[in-house]
Amino acid sequence: MVPTVMALFMASLLFFVSRTAKKFDSIFDEQPALWWAAGFLLLGCAWLQASLLAINGQTPGPLLTFINNIIYSAPTFLWPYGVWKRNRMGFAWHWFLSLVAIQVISLFSYTFVDGDYASRIILIHGIGALMALLTIAAIVRYPQTRYGDRLLILGFSLYLAYNLLTALVFVSNPSNSLFDGAGQAAELLTRLAPLAYVLLGVCFLGVMLLDVIQELSDKSRHDYLTGLYNRFGFELAYEDALDKAERIDTKGMVLVMVDLDKFKAINDKHGHSIGDRALTWFSHLLKTSCRKSDVVGRLGGDEFVILMWDCELTQCQEFLQRFSRRCERSPVPGLSFPIFVRASFGTCRVTKGIPLDETIALADKDLYTAKPAEQ
Ligand SMILES: Nc1nc2c(ncn2[C@@H]2O[C@H](COP(=O)(O)OP(=O)(O)OP(=O)(O)O)[C@@H](O)[C@H]2O)c(=O)[nH]1
């Protein structure tokens, strides 16, 4: 009864994880983290099953023991597998294959080769500890998981400690049964370990989900090409700046609309990818010329916006002149021919109570009166 229910549970868990992994794939790259979480959930479930059987005085039989033992090593397999799937990194693939080979050999000798119980336990847990240790070393050397790295190392450290402890208990007191040989403390450890791993798997999924939400939220506020705020991000940062300005005594704020001059000609003459480089370079110049407290965004195409904090109109004009001179001296880097990006500006003082749209429209009006005169 217990093995059937647990097997069904594990199968549905695996199905759920594979479906979820597919969904994640379509949004992001492959997620080693998800595979890892799945590994620990499976590990916890398999352990739970074995513990429940042991509590009822039953043993799982050689086939189920073999399957359970494979599942016990699932986390160590699934991490490099996930890394390989995401990055196609050769090292992860070799890593994965070596782990599978070591584990299959050890499982075979554990399950099907005769020997006393204690030495088989020492063998399987010794190998488990070695795999965990090597996996920790690989994570530290190649931090390829974007989400929950520290939790991943914690999980494998627990796995390492558990395997080492069990192996040591049997080295110091060889016996015929896990519970007899282990003593009370280790019996408690054996019974708590599965729950700890189920919990770890769930926590990990939670942390990963929070990290993913954070990343999505960052992506939704930033322009992909330049890394500046996009329109949505700029509006949120603008609201924050207005709130802050109400609490702090400042000279006021100025909104600057920026439009590149004859940018279409760069695209037409040199191609879209050089155009993209010019946009990225201009964004870099803009961002590094402004103060940290200023809010800089790309509204779309070749249109940018700056919210200058604690600034008067005359100061803003001086800044824009300095910035224009910097643009004139700074060609797009890495090209064999010089391309300079120039821009026109329109300004408007930010007044409390006037919506952002209207302030932008006023700055835009100023920009387009400035543009023909400059070109
Ligand atoms: N490379 C690249 N080009 C873009 C991108 N977004 C918009 N553009 C191009 O930017 C150009 C903007 O053209 P216009 O609005 O006429 O601006 P302009 O040529 O600078 O003209 P003026 O503003 O009058 O000086 C168009 O050719 C768009 O195709 C982008 O992300 N990358």
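**Group meeting: strand S1 and the ligand site**

Let me begin with one pair of residues: Leu 260 has Ala 343, a residue of S4, standing opposite. I should say straight away that what we are looking at is a predicted model, and I will work outwards from this pair to the strand, then to the ligand, and at the end to the protein as a whole.

Leu 260 belongs to strand S1, which covers residues 254-260, and the partner strand S4 spans residues 343-349. S1 and S4 are paired in the antiparallel sense, with 7 bridges between them. S1 also runs antiparallel to S3, to which 6 bridges join it, and within that pairing Asp 259 has Glu 303 as its bridge partner.

How many of the residues of S1 are buried? The count is 7 of the 7, so the strand is largely enclosed by the rest of the structure. In a regular strand, as you may recall, side chains alternate between the two faces of the sheet. In S1 both faces are covered, with Val 254, Val 256, Val 258 and Leu 260 buried on one side, and Leu 255, Met 257 and Asp 259 buried on the other.

Asp 259 takes us to the ligand, because a residue counts as near the ligand if one of its heavy atoms lies within 4 Å of it, and Asp 259 is listed among the closest of the 16 residues that surround the ligand, together with Lys 262, Phe 263, Lys 264 and Asp 276. Which elements each supply at least two residues of this shell? They are strand S1, helix H10, which runs over 263-270, and helix H11, which runs over 272-289. The largest share, 4 residues, comes from H11. Sorted by character, the shell holds 8 charged residues, 5 polar ones and 3 nonpolar ones.

Turning to individual polar atoms, a nitrogen atom of the ligand lies 2.6 Å from an N or O atom in the side chain of Asp 276, and a ligand nitrogen is also 3.1 Å from a polar backbone atom of His 272. On the oxygen side, a polar side-chain atom of Arg 298 is 2.8 Å from an oxygen atom of the ligand. The ligand taken alone exposes 670 Å², and the protein buries 66% of that.

Two residues deserve a careful look at their backbone. Lys 262, which we have just met beside the ligand, sits in the loop between S1 and H10, and its phi is near 50 degrees, a positive value in a residue that is not glycine. Is Lys 262 buried or exposed? With a relative accessible area of 56%, Lys 262 is exposed. The other case is Asp 310, also not a glycine, with a positive phi of about 55 degrees. Asp 310 lies in the loop that leads from strand S3, residues 303-308, to helix H12, residues 313-329, and it is partly exposed, at a relative accessible area of 24%.

Finally, the whole protein, which has 13 helices and 4 strands. Of its 375 residues, 45% count as buried, and its accessible surface comes to about 19,400 Å², with 63% of that belonging to carbon and sulfur atoms. Among contacts between residues at least 6 apart in sequence, 72% join residues at least 24 apart. The pair I opened with, Leu 260 and Ala 343, is a good place to start when you turn to the structure yourselves.

Notes: Residues numbered from 1 in each chain as written. Predicted model: local features only at pLDDT ≥ 70, side-chain atom pairs only at ≥ 80, totals over all residues. Heavy atoms only, no water. Polar contact = N/O pair within 3.5 Å; in protein donor to acceptor, adjacent residues only side chain to side chain. Areas by Shrake-Rupley, 256 points an atom, 1.4 Å probe, with all protein chains shown as cover. Nonpolar A, V, L, I, M, F, W, Y, C, P; charged D, E, K, R; others polar. Buried < 20%, exposed > 50% of the residue type's maximum accessible area, 1.4 Å probe, protein only. Contact = heavy atoms within 4.5 Å. Pairing = 2+ DSSP bridges.
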